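Notebook open, structure loaded. I'm going through the strands, then a helix, then the core.

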Amino acid sequence: MKAATDPLSLALRAVADPTRRRILRLLRPEAGRKAAGRGTNHTGWTASEVEQRIRLAQPTISHHMKILKNAGLIETRKDGTWIRYRRIEKALRSVRKSLMEEL
């Protein structure tokens, strides 16, 4: 049987893993502002910062980030030599809405 590739199915497979849900919670905008200091415009987390907080090896973090990105739930931005990851809030709202409509 071939896996469904519609956006909702991809997103649900991505968030089925508890580690990826932890990463998505870490990437919440308010979590970034709190870590950077009140009132600071946090531009996302590097893989190294995620690794330190989630306490998994860098290759494992990269694997999870790739799945989340392929599902359209996070975005990347180049910042010098670093890649920064942020949640795509609009995509997460769309997943919630689509799931409610499906059920």
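**Strands.** I started with a strand pair: Ile74 stands opposite Arg87 in S3. This is a predicted model, so I'm treating everything below as computed. I looked up how S2 and S3 run relative to each other, and they pair in the antiparallel sense over six bridges. Their hairpin has two residues between the strands, and Gly80 there takes a positive phi near 70 degrees. Next I checked what else S3 pairs with, and found strand S1 (residues 45-46), antiparallel again, over two bridges. For Trp45, the bridge partner in S3 is Tyr85.

**Helix H5.** Does the length of H5 make sense, or is it off? I ran the check: 13 residues (58-70) at 1.5 Å a residue should span 18 Å, and the end C-alpha atoms are 18 Å apart, so it agrees. Then I pulled the buried residues of H5, which are Ile61, His64, Met65 and Leu68. Seen down the axis, they fall within an arc of 100 degrees, so they line one face of the helix. That spacing fits the textbook picture, because an α-helix has 3.6 residues a turn and residues three or four places apart point the same way. On the face turned away from the buried side I found the exposed residues Pro59, Lys66 and Asn70.

What do the buried residues of H5 pack against? I got helix H1 (7-15), H2, helix H4 (47-54), strand S2 (74-79) and strand S3 (82-87). Just after H5 I noted another positive phi, about 80 degrees, at Gly72.

**Thr19.** I wanted to know whether this one is buried or exposed. Thr19 lies in helix H2 (residues 18-26). Its relative accessibility is 17%, and the cut-off for buried is under 20%, so Thr19 counts as buried. Leaving aside neighbours within four places in sequence, I found Thr19 in contact with Ile54, Leu56 and His64.

**Core.** Last stop was the largest nonpolar core, which has 21 residues; Ile23, Leu27, Val50, Met65 and Leu73 touch the most other members. I listed the elements giving two or more residues to this core: H1, H2, H4, H5 and helix H6 (89-102). I then followed up Ile23, skipping residues up to four places away in sequence, and it touches Val50, Ile54, Ile61, His64, Met65 and Leu68. Among those contacts, Ile61, His64, Met65 and Leu68 are the buried residues I had already logged for H5.

Definitions and conventions. Residues numbered from 1 in each chain as written. Predicted model: local features only at pLDDT ≥ 70, side-chain atom pairs only at ≥ 80, totals over all residues. Heavy atoms only, no water. Helix = DSSP H or I, 4+ residues; strand = E, 2+ residues; numbered from the N terminus. Buried < 20%, exposed > 50% of the residue type's maximum accessible area, 1.4 Å probe, protein only. Contact = heavy atoms within 4.5 Å. Expected span 1.5 Å × (residues − 1). Arc of directions from axis to C-beta. Pairing = 2+ DSSP bridges. Core = buried A, V, L, I, M, F, W, Y, C linked by side-chain atoms within 4.5 Å.
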